[in-house]
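Me: I would like to go through some of the labels used for this model and see what each one rests on.

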Number of protein chains: 2
Amino acid sequence: MNNKQILVSEVGPRDGLQSIDSILPTEIKKQWILALANAGIQEIEVGSFVPKSLIPQLADTAEIVKYAITIPNLTVAALVPNLKGAINAIKSGAHKISIPFSTSETHSIKNVNKNHKQMIEEIKKISDYILENNHNTHLEVALATAFGCSIIGEIPEDLVISLAEQIMKAGSKEIVLSDTTGYGDPSKVRKLVRKLKATIGDSKLNSIHLHNTRGLGLANAFAAIEEGITIIDSSISGIGGCPFAPGASGNIVTEDLVFMLDAMGFDTGIDLDKLFSIRDILSKALPDEPLYGYTANAGLPLGYKH
Amino acid sequence: MNNKQILVSEVGPRDGLQSIDSILPTEIKKQWILALANAGIQEIEVGSFVPKSLIPQLADTAEIVKYAITIPNLTVAALVPNLKGAINAIKSGAHKISIPFSTSETHSIKNVNKNHKQMIEEIKKISDYILENNHNTHLEVALATAFGCSIIGEIPEDLVISLAEQIMKAGSKEIVLSDTTGYGDPSKVRKLVRKLKATIGDSKLNSIHLHNTRGLGLANAFAAIEEGITIIDSSISGIGGCPFAPGASGNIVTEDLVFMLDAMGFDTGIDLDKLFSIRDILSKALPDEPLYGYTANAGLPLGYKH
């Protein structure tokens, strides 16, 4: 497993911030994003292009994107729920846009007020917009609640597969497998990654988005890597979650994930000590929010070689 | 991976209690152990036969063993550092005795005041005592700090293998691989389990003892299972740690481990709801101790089928 690269895609500024009440000042967000990039993080989902009334914490996303694209060697991603959001993201200069598509139709309606058919149509519109305007923006669709939904329960594997096929046909370049609710386990992750890769093509599923709701996040990440996943979403200090999926707390913790990958011999390009020091920015800016993760507090193993 | 059995060996009453200052009353320990057995736990390490002055929290181990062996279908294990402890454990009726053998000689001297040579001699004495007295007590040796030591750092893999061979020759029936310090990662676990099984025999390494010091505990457990490990130590609510290895906090959490195994289709024989309810006993008995783990608080997935 040596000499392989894994891209850690930081989602704290989007998935983290949207789930907490505090609104982080724009200047602090910029400082935070720069510190992440300086620690070696190469991709950051910096916000969502959604109405300010829905997620006021992310109201400054356009400004944040415009700032983040000035940082060298950083891929700037943004979440967009619809064509309007996509156009705004593209105009701001986002390199990558991610559309959340909930495999649970009930959750989809609650989350973005669209059923599956309407979502597929929206993806087609966004894909067409990108093609017609000759933009290089990378379009990916995140298959949310793919391991189960906290409103309706189990999601049949066949439905996930079939939706992924429809999404790819509608023009998405890539699928992200999302365990929004922390219902996944290593066996299910392994099975679904394998099936999806076999159906939509190995190169069309590279990313997984995991929550640590039941403590299995890193075990799931390990299983995903073993199935060929090379991009893993995580949130620094584990802040985050989905406000519309009850009980769906916290993304996996970037610090612990990077330690795991680094210890296993994967190249992430990230400096662990610099990464740990970002906790100071967060604890000062968000003093009432708990910071998760173990490695930063425990410290690296004695004699640890990066 | 279906239809396979994994034995979850609870170490909270030993590894958990020895690391906290509070001394749990004997009657509460008995209530706790009974509740664990009633939830379906089939093996519990109930204490240590060490001088009361060293670990006063476990001073009642003999009485606890005598009580625990009256519970049907429960394997009662106890930790013993030397022949004297082993004799006391056997006289109390313990089914299984576990000798901690630190692969870090410095840690061994600090922990049990014996170097490697003296430890091998002690194992031989204990093995001989069991043979000569025709006891059925199962003797296992836990290879502590096998993934690194927080006092001296890295432990060469070849040393771990060589010590395991000497320990088996000295009369141990089995080796337990212990990540005392939480230095392990899934790759190292996989590699060391594979090498050890190849050296001492597949059936002589069945157990792993993991700490969640850097959050990788369940990922390591998953890797171990994939290499054929069938017995996993864990501590209910994650209480525990090794007081003589600085920074070595908390065993992996029984509730989250059992959820992972159950969700993956393994048969543990454990009832998750009954297991979760044991947290009430602990929070009442140890009100100042934090309880770890995620699954009990998050709840089982909606529509979850055991």
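Me: Which residues of H2(B) are called buried, and what makes them so?

Reply: The buried residues are B:Lys29, B:Trp32, B:Ile33 and B:Leu36. A residue is buried if 20 or more other C-beta atoms lie within 10 Å of its own, exposed if 12 or fewer, and partly exposed in between, with C-beta atoms placed from the backbone. Seen down the axis of H2(B), these residues fall within an arc of 95 degrees (taken from the directions from the helix axis to the C-beta atoms), so they line one face of the helix. In general, an α-helix has 3.6 residues a turn, so residues three or four places apart point the same way.

Me: What is the source of the model and its numbering?

Reply: This is a predicted model, where local features need pLDDT of at least 70, side-chain atom pairs count only at pLDDT 80 or more, and totals for chains, interfaces and linings use all residues. Residues are numbered from 1 along each chain as its sequence is written, while chains are lettered from A and ligands numbered from 1 in the order in which they are written.

Me: How do you know that the span of helix H2 of chain B agrees with its 13 residues?

Reply: Helices (H or I, at least four residues) and strands (E, at least two) are DSSP runs, numbered from the N terminus. The expected span is 1.5 Å times one less than the number of residues. For residues 26-38 of chain B that gives 18 Å, and the end C-alpha atoms are 18 Å apart, which agrees. Just after H2(B), B:Gly40 takes a positive phi of about 110 degrees.

Me: Why is helix H10 of chain A called mostly covered?

Reply: In H10(A), residues 254-263, 10 of the 10 residues are buried. Among them are A:Leu257, A:Phe259 and A:Met260. The cover includes helix H11 (272-285) of chain A and H9 of chain B, where contact needs C-beta atoms, placed from the backbone, within 7 Å.

Me: How many residues does each chain give to the contact of chain A with chain B, and of what class are those of chain B?

Reply: Chain B gives 36 residues and chain A gives 36 residues. The side of chain B divides into 17 nonpolar, 15 polar and four charged. Ala, Val, Leu, Ile, Met, Phe, Trp, Tyr, Cys and Pro count as nonpolar, Asp, Glu, Lys and Arg as charged, and the others, Gly among them, as polar.

Notes. Contact = placed C-beta atoms within 7 Å.
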